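User: Please take me through the sheets, the helix packing and the ligand shell. Keep it brisk.

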Amino acid sequence: MEDISLTINGKNIICAPDTSILHAALENRIKIPTLCHHPDLEPVGACRLCLVEDEKTGRIMASCVTPVSPNMVVRTDSPTIRNHRRNIIRLMMANHPESCIVCSQGNRCELRQIAAELGVGQIGLYPMPHYTGLEEANPFIIRDLSKCILCGKCIRADHELVVVGAIDYHLRGFKSRPAAVHEMPLEKSSCTFCGTCVSLCPTGALSLKNTRYVGSPERESATICGFCGVGCSLVMGSVDDQIVEVNPSHREDAVNRSTLCVRGHFAHDFLTVPERLGNPLVRDDGELKPATWDDALEAVANGLTSIKKKNGPQSVAFFGSSKCTNEENYLFQKMARVMVETNNVDNGGYGSGRPILAFINDRLDGGCRVIPLPALEKAEMIFVLGADPTQSLPVAGYYLKRASRMRGIPLIVADPRKTELVPFSSLWLSLAPHSDCELLTALAAILYRRNSYDTDFINQFTKDFDLYREGLSSIDLERVCRVTGLDMEVMERAADLIEGKKVAFMIGQGILQQRHGIPAVDALLNLALMTGSLSGDGKGLYLLAKENNQMGAWDMGSVPDFLPSRQPLLDELARKNWEENWEVKLSPDPGLTIIRMIEEAEKGNLKALYIMGENPLRSLPQTDRVRNALNNLELLVVQDILATETTFMADIVLPGAAFSEKGGSFTNMEGRVQSFEAAVCPPGDAKPDWEILGLLFAKLGYSKTYSSLDEIRAEIAELVPLYSKLDKDRGESWINESSNLRLFRRTGEGEPIHFSPVIMTETESSDKNYPFTAILGSWRYHLGSGTRTGHSARLKDFALKGEVEVSPEDGERLDLKQGDQVRISSMHGSILREVILKKDLSPGLIFIPMAFHNNDAVNLIDFTELGQADLPGWKECDVRVEKAED
Ligand code: SF4
Ligand code: SF4
Ligand code: SF4
Ligand code: FES
C-alpha cells in the first residue's frame with residue numbers, strides 16, 4: 001500500500017498507512033501527552049489524554065488508536081484540545097490522594113508532570129479519592145491502588161510482555177482496579193515478581209518495595225544484568241553511592257526492552273550485605289587477617305612464582321568466572337598462559353555445559369552464534385528441548401511465550417516434566433530422562449520416511465547425507481517408543497508440526513548437562529540440517545547460557561583448550577599467532593578443566609589454585625571431595641565479592657567488585673557484546689577485578705601495564721578479531737561471524753557441514769536401591785549455586801523452601817503429604833527436603849530445585865566430567881526417597 005500524506009500542526013508528514021496519528025507525530029518530534037500508551041504495548045485508548053483534533057471535520061480523536069488517513073489535517077494543541085486534556089487531568093486528580101509529596105514516584109510521576117505542563121493546580125472539583133487497601137506484604141512490590149488511574153499498562157505488561165496473566169481488571173465503574181484473580185495478594189497469585197508492571201506504571205500506584213529510600217534516585221547508570229545469559233539492559237538508580245532502584249532500560253535495541261525478571265529487578269540487594277568483602281586478607285597463624293593491597297598482591301605473586309619454580313607450571317591453575325567481564329577474563333587467562341606458562345585455566349561456565357557447547361561449536365565451526373532472540377518471534381516453528389527458560393532465563397522465556405501466544409507460532413516442548421512452558425505449547429513430549437537422542441533421531445527417521453527433507457539446503461550446504469539416511473532407514477521406532485516412553489502417535493504429531501518448517505531449536509541445561517548430551521546435540525544438528533534450519537531469521541540454534549558471561553569468558557580464552565577468539569590451543573598456527581601477539585612461547589600442553597584441577601589437587605599434583613569469582617564448594621558436585629582437594633593445596637587465592645565457603649579456606653582473599661560496581665563488557669547468549677559503566681563504587685577497599693589483575697601483572701614483573709580499562713579493551717580489540725570494535729564501543733556491538741562454513745559465510749565458498757552417522761544411546765538398567773530419577777533444575781528466584789541470590793534479603797524474606805516435587809501417586813505410595821520431610825539419597829550422598837505433591841509429574845520422577853540449602857543437592861550427583869560418553873552428567877541421578885523421621 002502507498003504511503004499516506006497528512007499534516008500535523010502545519011507540518012507535512014509522510015508515513016505508512018497503518019501508522020497511528022500518535023506514532024506519526026512522535027516520529028516527527030511532535031509531542032503529544034500520553035498516560036496509557038507505551039511503544040511495547042498494544043494501544044487501548046484508555047486515558048484519552050492523547051486527544052487531537054481533525055481540523056477539517058472538528059472531530060476529536062484519541063491519537064494512539066486512530067490511524068492516519070490521507071490528507072488529514074491534525075492539531076495536537078488547539079485550545080479545545082488543551083481544555084479537554086485539563087479536564088481529564090482534573091478528573092484524575094479528583095480521584096487521587098494528595099500524597100504526592102511522600103510518593104515514591106516523586107518527580108517521575110507522569111500524571112504530576114502532565115498536570116504541571118497543562119497548568120492544572122487547583123482542580124476545582126469535589127475530591128473523591130477512592131481509597132483501597134495498600135498491599136505490601138510481599139517483599140518486592142507495593143500496590144497503592146488509590147493512586148491508580150486505570151491506564152491498564154500493568155495489565156497489558158503482564159499479559160502482552162511477560163505473558164503471565166497474574167492480574168486483570170477487577171470490578172467495574174468507579175470501583176474498577178487491576179487485581180489478581182479473586183483479589184488475592186500477589187504472592188498467592190501466579191505473579192512471578194518480574195516487576196515489569198511496576199516499571200511501566202505511570203504513577204505511584206505500583207512501586208518497588210524499598211526499605212531504604214523513597215523518592216527519585218540522584219543518579220541513573222546504564223548497566224547490564226549480571227545474572228543470566230540473556231544480558232538484560234538495566235538502569236540502576238543510586239543515592240549516596242547505594243543502589244536504590246533497578247529498572248529495565250526500555251531501550252529499543254535492548255534484548256529485554258521493557259521487561260526484567262525477579263532476579264534482575266530485585267536481587268541486587270545482595271550487594272550491601274555484611275558478607276561483602278572490603279579488605280584484602282592474608283592467612284597468618286591459621287587465621288585470615290586484614291592486609292594492605294601491596295602485601296596481599298606481593299604474597300600472591302611470590303606464592304605463584306615459587307610454586308611454579310619448584311613444581312613446574314602444571315602445578316598451578318586458574319579458575320575464573322563466567323560472571324566476570326570480558327576484559328577480566330582476557331587478563332586472567334593471559335596471566336595463566338604468559339606469566340605462569342600454563343593452560344590450566346577454566347571458568348564456571350564449565351558447569352553450565354561448556355563441554356557440550358564446545359562440541360556444537362566444533363561441529364558448526366563456530367557458526368552457532370549471532371542468533372538474536374527477537375528473531376524467535378518470526379520463527380515458523382520452535383522446538384524447546386531440556387530447557388525451562390521461564391525459570392532459568394526468564395526473559396528468553398517471555399520471547400517463547402509471546403511467540404506462541406501472541407504470534408501463534410507452533411511450539412514443541414520436549415521435557416520429562418510439565419514445565420511452565422508446556423501450557424503454551426502445541427505439543428508436549430514428556431519423554432523419559434536423557435532419551436532426547438532417540439527422540440530426535442526418530443523424528444528425523446519419520447520425516448525421512450515421509451520424504452520430507454530440504455533437498456536444496458542439503459545439496460548446497462551439507463555433506464554425508466547418504467550415510468545418515470542409511471542409518472535413518474534402519475531405525476527401530478518401536479525401540480524408540482520403549483526408550484522414550486512416547487507412543488508412535490505422539491511422535492507422528494511432532495513430525496507433523498516440524499514437516500516443511502524451518503525450525504528454531506532451543507536447548508538448555510537438560511541437554512547441556514545431560515548424560516547423553518553429546519549424542520543428543522549430534523542428533524539435533526542432523527535434524528536441523530535435514531530440515532534446512534540453520535542460520536537466518538527465525539531458525540537455528542538457541543543455546544541457553546545460564547551464566548551472564550559464559551560466552552565471553554570462552555571467547556576470551558578463559559578455558560583450557562581454546563586461546564582467545566575461540567582459537568583451538570591444539571592448532572599450531574593459532575598458537576603461533578598468540579605467541580607473536582604476546583611475545584612469549586606458549587605451552588602446547590592442554591590445560592586442566594576445573595574437574596581435572598580438583599582431581600590433580602586430590603593427588604597432590606596441583607599445588608596452587610587461583611579462583612576468581614567462583615565458589616566451587618557450592619557449585620561443583622561433591623562438596624566434601626572438593627573441600628579435601630582444596631585443603632591439599634599449598635596456595636589457594638580467592639578473589640571474590642562475598643565471603644563464601646571457598647574464601648574461608650583461602651590463604652589469600654582479594655576483594656573484587658560486582659558488575660554494578662565496575663565498567664567492562666559482557667557477551668550474552670546471542671553473542672551480543674554489551675559494554676556498561678559502574679553504577680556505584682565497590683565497598684571499602686575492594687577493587688574491580690581487572691584492576692586487581694593489572695596490579696598483579698605488575699607484581700609478577702610484566703613489562704606492559706594495565707592501569708585502565710581502556711588499555712585492556714584496546715589490546716582485546718587489536719588482537720581478538722571477534723571483538724575488533726571493543727575499543728570504540730561504548731554502547732553495544734555484535735560479534736563478527738566466525739565460521740568458515742559455507743552456510744554461515746553466505747557465499748558459495750567454504751566448507752559444507754557434515755551429517756554425523758546415526759547413533760543410538762545405550763539404555764541403562766536402573767538400580768533397585770534407587771528407584772527414582774531426580775531431575776535437578778533451576779528456579780527463577782535463584783541463579784546457579786545461589787551464592788549471590790542466596791544473600792538477597794528480598795529473596796530471603798520471600799521464604800522459599802526449595803521443596804522437592806513428588807508425584808501424588810508416589811506420595812500416596814510412600815505415605816507422604818505436602819510439607820513432610822523426606823530424605824533423598826543417591827549413591828553419592830543424601831539431602832533433606834520438604835515435599836510438595838505435584839500433579840502432572842510422572843511417577844518415578846522427582847524434581848529438586850538447585851541453590852536452596854546451600855545448594856546441597858550437588859552432593860547427590862557424581863563428581864564427573866561433563867560431555868563424556870558413559871559418564872552420568874549433572875542433570876539427573878538415581879535416588880531413593882524416604883520419609884524422614886521427625
Ligand atoms: S496500577 Fe499503574 S499501571 Fe496499573 S492501571 Fe493503575 S496506574 Fe495504570
Ligand atoms: S510483577 Fe510481572 S508477573 Fe507480576 S503482575 Fe507484574 S507483570 Fe505480572
Ligand atoms: S532474564 Fe537474566 S539477564 Fe534478564 S533480568 Fe533476569 S537474570 Fe537478569
Ligand atoms: S495515550 Fe491515547 S488514550 Fe491514553
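Analyst: Contact means heavy atoms within 4.5 Å. The model discussed here is predicted.

User: At about what angle to β3 does α2 run?
Analyst: Helix α2 lies across three strands, β3 (51-54), β4 and β5. The angle is taken against β3. The value is about 155°.

User: Which strands stand at the edges of the sheet with the order β2-β1-β5-β3-β4?
Analyst: This open sheet has 5 strands and mixed pairing. An edge strand here pairs on one side only. That describes β2 (11-15) and β4 (60-62).

User: By how much are neighbouring strands of this 5-strand sheet turned against each other on average?
Analyst: The order is β2-β1-β5-β3-β4. With direction ignored, the average turn between neighbours is 35°.

User: Which residue in β5 stands opposite Thr7?
Analyst: Strands β1 (residues 4-8) and β5 (residues 73-75) run parallel and are joined by 2 bridges. Opposite Thr7, in β5, stands Val73.

User: Are α2 and α3 parallel or oblique to each other?
Analyst: Helix α2 (residues 79-94) packs on helix α3 (residues 110-117) at about 135°, with axes 10 Å apart. Angles over 145 degrees would count as roughly antiparallel. The pair is therefore oblique.

User: How many charged residues are in the contact of α2 with α3?
Analyst: Arg82, Ile89, Met92 and Met93 of α2 meet Leu111, Ile114, Ala115 and Glu117 of α3. The split is 6 nonpolar and no polar, and the charged count is 2.

User: Why is one side of β11 and of β13 left without a neighbour in the sheet?
Analyst: The sheet is open, with 3 strands in the order β11-β12-β13 and antiparallel pairing. Strands β11 (219-224) and β13 (242-248) stand at its edges, so the cause is that each has a single partner strand.

User: Which residue in β12 stands opposite Thr223?
Analyst: Strand β12 (residues 233-239) pairs with β11 in the antiparallel sense over 6 bridges. The residue in β12 opposite Thr223 is Leu234.

User: Are α12 and α18 roughly parallel or roughly perpendicular?
Analyst: The axes of α12 (residues 436-449) and α18 (residues 517-530) come within 8 Å. They cross at roughly 20°. Angles under 35 degrees count as roughly parallel. The two helices are therefore roughly parallel.

User: How many nonpolar residues does the contact of α12 with α18 have?
Analyst: Among the α12 residues in this contact are Leu440, Ala444 and Leu447. From α18 they include Ala523, Leu524 and Leu527. Besides 1 polar and 1 charged residue, the nonpolar count is 11.

User: Are α8 and α25 roughly parallel or roughly perpendicular?
Analyst: Helix α8 (residues 326-339) packs on helix α25 (residues 709-719) at about 75°, and the axes are 10 Å apart. The range 65 to 115 degrees counts as roughly perpendicular. The relation is therefore roughly perpendicular.

User: How many charged residues does the contact of α8 with α25 have?
Analyst: On α8 the contact includes Glu327 and Lys334. On α25 it includes Arg713 and Glu715. Alongside 6 nonpolar and 1 polar, the charged count is 4.

User: Which residues come nearest to ligand 1?
Analyst: By class, the shell has 10 nonpolar, 2 polar and 1 charged residues. Of the 13 residues around ligand 1, the nearest are Cys148, Cys151, Gly152, Cys154 and Cys201.

Methods:
Residues numbered from 1 in each chain as written. Chains lettered and ligands numbered in written order. Predicted model: local features only at pLDDT ≥ 70, side-chain atom pairs only at ≥ 80, totals over all residues. Heavy atoms only, no water. Pairing = 2+ DSSP bridges. Helix = DSSP H or I, 4+ residues; strand = E, 2+ residues; numbered from the N terminus. Axes fitted to C-alpha atoms, helices over the stretch in contact; angles between N-to-C directions. Nonpolar A, V, L, I, M, F, W, Y, C, P; charged D, E, K, R; others polar. Near = heavy atom within 4 Å.
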